[in-house]
Amino acid sequence: MMEEEGSWEHFFAVHLPPTDFEDNRSLLKEFCERHDRHGHKIVLVTSGGTTVPLEHNTVRFVDNFSAGKRGAASAEYFLEHGYAVIFMHRQKSLEPFTRHFTGQKLLDMLDIQERGPNTTITVKPDSVDVLAPVLLRYKAAHSAGAILHVAFTTVSEYFWLLRAACESLSALGPRAVLYLAAAVSDFYVPKDRVPTHKMQSGSGAPVIQLHLVPKMLAPLVNLWMPSAYVVSFKLETDENLLIPKARAALDKYKHKMVVANMLQTRHHRVVLVTPESSQEILLTREEVHAGADIESPLVASIVQLHAASCGSDVTRAPLADCGPAPPR
Ligand code: PMT
């Protein structure tokens with residue numbers, strides 16, 4: 001059967017799965033089956049931006065602004081609420097727990113005593129209070145086997161992983177939450193128009209025509225995960241478009257919620273739009289200065305709405321009941 005160009009079926013037909021796809025598919029399957037056996041809730045958190053390669057041997061690519069803070073912070077709060085977490089993230093974007101110590105922050109917390117072969121590295125006394133609580137939560141999540149990391153770079157890798165995650169999660173029915181915070185490319189260069197090798201400047205300025213990426217929310221909500229609690233995100237730079245476009249997405253895809261945010265204010269203001277209501281979450285200036293995460297109240301609200309949407313079924317078992325993943 002020939003798939004229609006521009007459709008999601010055509011996208012999968014022309015883009016081969018990534019080389020590590022089968023490994024990730026097995027990890028996803030094992031993770032979901034293990035938590036399903038214990039009656040746990042699982043959230044799939046997607047995070048970071050996707051790239052669009054301009055060459056097959058990729059030197060240049062189209063990218064976007066997303067750092068992955070929303071996804072990384074949200075994953076931590078879902079763990080606190082007893083969810084097992086599939087953290088599906090852009091390679092090298094922010095990750096749960098380590099996000100607190102990026103760049104020089106980690107090195108500033110350490111002291112080194114150089115004594116030849118007995119060199120020791122210690123945590124500075126005033127950094128122990130900062131490091132210890134995060135380290136404790138990190139160790140607890142990993143020793144309980146409560147978080148699985150899978151990584152993508154390009155938009156096609158993202159879609160292959162997304163569909164594989166849905167395949168494994170579908171058995172959980174309403175106990176699965178999809179939290180689609182990744183910034184997914186809307187435009188791409190079709191595979192057959194991408195040159196094999198690095199574009200040469202000697203050939204003059206290239207003209208690159210971008211095509212529309214099919215919206216994966218449509219098959220995801222209708223075919224892959226019809227009973228899951230699906231939360232998509234809407235990012236705009238024009239405030240006038242934000243809520244109307246969030247409502248239009250809900251009308252079109254018929255999922256549970258759109259989290260609407262503006263590029264400039266995304267880390268202190270979001271609006272939760274459901275078919276019945278709109279709820280704004282706003283951090284005060286003091287909260288922002290104190291380093292509060294807006295993802296804490298955001299995830300708390302979603303957890304509450306998820307529980308209400310599927311009743312007592314979602315609170316069956318504490319996460320601690322589930323053992324760690326078997327060694328790889
Ligand atoms: O990572 P940070 O720097 O912390 O920033 C967080 C964020 C701004 C990236 C995040 O809060 C956010 O808004 N993410 C979604 C951005 C986005 O892709 O919005 P959109 O309006 O282009 O897409 C809307 C929805 O459609 C998304 O949930 C996406 O999963 C989905 N989509 C998008 C493209 C596509 N081809 N298929 C899709 O299904």
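1. Let's start with helix H3, where Arg70, Gly71, Ala72, Ala73, Ser74, Ala75, Glu76, Tyr77, Phe78 and Leu79 are buried. That makes ten of the twelve residues, and the helix is mostly covered. Please keep in mind that this is a predicted model. From its first C-alpha to its last, H3 reaches 17 Å, close to the 16 Å expected at 1.5 Å a residue.

2. H3 also takes you to the ligand. Which elements give two or more residues to the shell around the ligand? Of the 21 residues around the ligand, those that come nearest are Ser66, Lys69, Arg70, Ser232 and Phe233. The elements giving two or more residues to this shell are helix H3 (69–80) and strand S11 (229–236). The most comes from S11, which gives four residues. Sorted by class, the shell has eleven nonpolar, six charged and four polar residues.

3. S11 deserves a look of its own. Is this strand largely enclosed or open? Six of its eight residues are buried, so S11 is largely enclosed by the rest of the structure. For a residue to count as buried here, 20 or more other C-beta atoms must lie within 10 Å of its own.

4. Next, the strands that pair with S11. Strand S8 (residues 176–180) runs parallel to S11, and four bridges join the two. One pair to find on your screen is Leu180 with its bridge partner in S11, Ser232; Ser232 is also among the residues that come nearest to the ligand. Strand S12 (residues 257–262) pairs with S11 as well, in the parallel sense and over six bridges. There, Val231 stands opposite Met257 of S12.

5. How do you get from S11 to S12? Together with helix H8 (residues 239–253), S11 and S12 make a right-handed β-α-β unit.

6. Strand S1 (residues 42–47) is mostly covered, with six of its six residues buried. Which residues lie on each of its faces? On one side are Ile42, Leu44 and Thr46, on the other Val43, Val45 and Ser47, and they are all buried. Both faces of S1 are therefore covered, given that a buried residue has 20 or more other C-beta atoms within 10 Å of its own.

7. S1 has its own pairings. With strand S4 (residues 84–90), S1 pairs in the parallel sense over six bridges, and Ile42 stands opposite Ala84 in S4. S8 also runs parallel to S1, joined to it by five bridges. In this second pairing Ile42 stands opposite Ala176 of S8. S8 thus links up with both strands discussed so far: five bridges join it to S1, and four join it to S11.

8. For contrast, try Thr19, which sits in the loop between helix H1 (8–14) and helix H2 (21–37). Is Thr19 buried or exposed? Thr19 is exposed, because only 8 other C-beta atoms lie within 10 Å, and a residue counts as exposed at 12 or fewer. The C-alpha atoms of Thr19 and Leu162 are separated by 15 Å, and the two residues are 143 apart along the chain.

9. Finally, the record. An unreviewed UniProt entry lists residues 41–95 and 176–267 for "domain: DNA/pantothenate metabolism flavoprotein C-terminal". The span 41–95 is 22% helix and 31% strand, and its end C-alpha atoms lie 21 Å apart. For residues 176–267 the end C-alpha atoms lie 26 Å apart, with 25% helix and 25% strand.

Note on methods:
Residues are numbered from 1 along each chain as its sequence is written. This is a predicted model: local features need pLDDT of at least 70, side-chain atom pairs count only at pLDDT 80 or more; totals for chains, interfaces and linings use all residues. A residue is near a molecule or strand if its C-beta atom, placed from the backbone, lies within 6 Å of it. Ala, Val, Leu, Ile, Met, Phe, Trp, Tyr, Cys and Pro count as nonpolar, Asp, Glu, Lys and Arg as charged, and the others, Gly among them, as polar. Two strands pair if DSSP finds at least two bridges between them. A crossover is right-handed if, with the strands pointing away from the viewer, the path from the first strand over the helix to the second runs clockwise. UniProt positions are given in the numbering used here, feature names are shortened, and annotations may be inferred rather than shown by experiment. The expected span of a helix is 1.5 Å times one less than its number of residues.
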